[in-house]
Amino acid sequence: MTSIQKRFQDTLNSIHTAAENCGRHGEVKLLAVSKTKPSEMIREAWQCGQRDFGENYVQEGVNKVNELKDLEGIVWHFIGPLQSNKTRLVTEHFDWMHSVDRVKIAHRLSDQRPADMAPLQICLQVNIDSQPTKSGFKPEEVSKAVEEIIKIPGVEVRGLMAIPAPSEDLEEQRKPFKAMKALLTQLQTENPQLKLDTLSMGMTGDMIAAIEEGATIVRIGTALFGARDYSQPRK
Ligand SMILES: *Cc1c(COP(=O)(O)O)cnc(C)c1O
């Protein structure tokens, strides 16, 4: 077994066990975060059966989407911060966008989505623990933002995403995830006609807490691909 195969198997086992333990069997999808990693690693992960991949940097992500067009069934998720002058590249190349943090970005993604592509699946990023430097809607702004975004074509709101401040403590990790779950439940009640089925939360260090609190997509990089090298600048 190669090390990538082993890492995927171990991570999928952890997800499976955590989900079973809280009665959520089959409800959690693994999103493999491949930022800074070469296309060949993604190819190998695809050969292990992985289909969903997440990228943070627009140009790097677009290059990989183009290089890996032959991989059948691959699904690309954009999960990084996005400047409004780069929305076109995202909406022309990705299937999902997790980090919509302003209504204006949703409008641009909508306007620029090619007519022959399925609607872009989007999550609203929420600054759930009020970190001063973190982007995202305030929790109390989300309801209104959804109301506006559901009026526009080309994008489909699927749920919420968060990147809480890291903590080593399982009980501390749970708090923002619990608040995210409550916010999604509120949105579901307000918009019963929508398919609001997604809570994108949990990374290598807090995946278990996220699953126990209701994550439907965990975004995992380090556990799958190893530590990242940031010696090269990224775009
Ligand atoms: C890098 C990144 C991840 C993956 O983080 P790991 O700790 O390596 O698992 C998940 N989500 C976002 C938004 C990221 O930028």
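Two strands count as paired if DSSP finds at least two bridges between them. Helices (H or I, at least four residues) and strands (E, at least two) are DSSP runs, numbered from the N terminus. The model is predicted: local features need pLDDT of at least 70, side-chain atom pairs count only at pLDDT 80 or more, and totals for chains, interfaces and linings use all residues. Residues are numbered from 1 along each chain as its sequence is written, and side-chain values use heavy atoms, with hydrogens and water left out.

**Stop 1: strand β4**

Select residues 96–100, which form strand β4. Five of the five residues are buried (under 20% relative accessible area, 1.4 Å probe, protein chains only; exposed is over 50%, partly exposed in between). Strand β4 is therefore largely enclosed by the rest of the structure.

**Stop 2: from β4 to β3**

Add residues 75–78, strand β3, which pairs with β4 in the parallel sense over two bridges. To see one contact point of this pairing, pick F78; its bridge partner in β4 is M97. Now show residues 87–93, helix α4: β3, this helix and β4 make a right-handed β-α-β unit. Right-handed means that, with the strands pointing away from the viewer, the path from the first strand over the helix to the second runs clockwise.

**Stop 3: from β4 to β5**

Select residues 120–125, strand β5. The pairing of β4 with β5 is also parallel, over three bridges. W96 has Q121 as its bridge partner in β5. Helix α5, residues 103–112, belongs to a right-handed β-α-β unit with β4 and β5.

**Stop 4: the loop after β5**

Move to S130, in the loop between β5 and α6 (142–149). S130 has a positive phi of about 50° although it is not a glycine. Is S130 buried or exposed? S130 is exposed, with a relative accessible area of 58%.

**Stop 5: K35 and T36**

Go to the loop between β1 (29–33) and α2 (39–47), where T36 is found. K35 lies in the loop between β1 and α2 as well. T36 has a positive phi of about 70° and is not a glycine. T36 is buried, at a relative accessible area of 13%, and K35 is buried at 12%.

UniProt, in an unreviewed entry, lists K35 for "modified residue: N6-(pyridoxal phosphate)lysine"; such annotations may be inferred rather than shown by experiment, and the positions are given in the numbering used here, with feature names shortened.

Which residues should be displayed around K35? Leaving aside neighbours within four places in sequence, K35 is in contact (heavy atoms within 4.5 Å) with G54, E55, N56, Y57, E60, K64, R228 and Y230.
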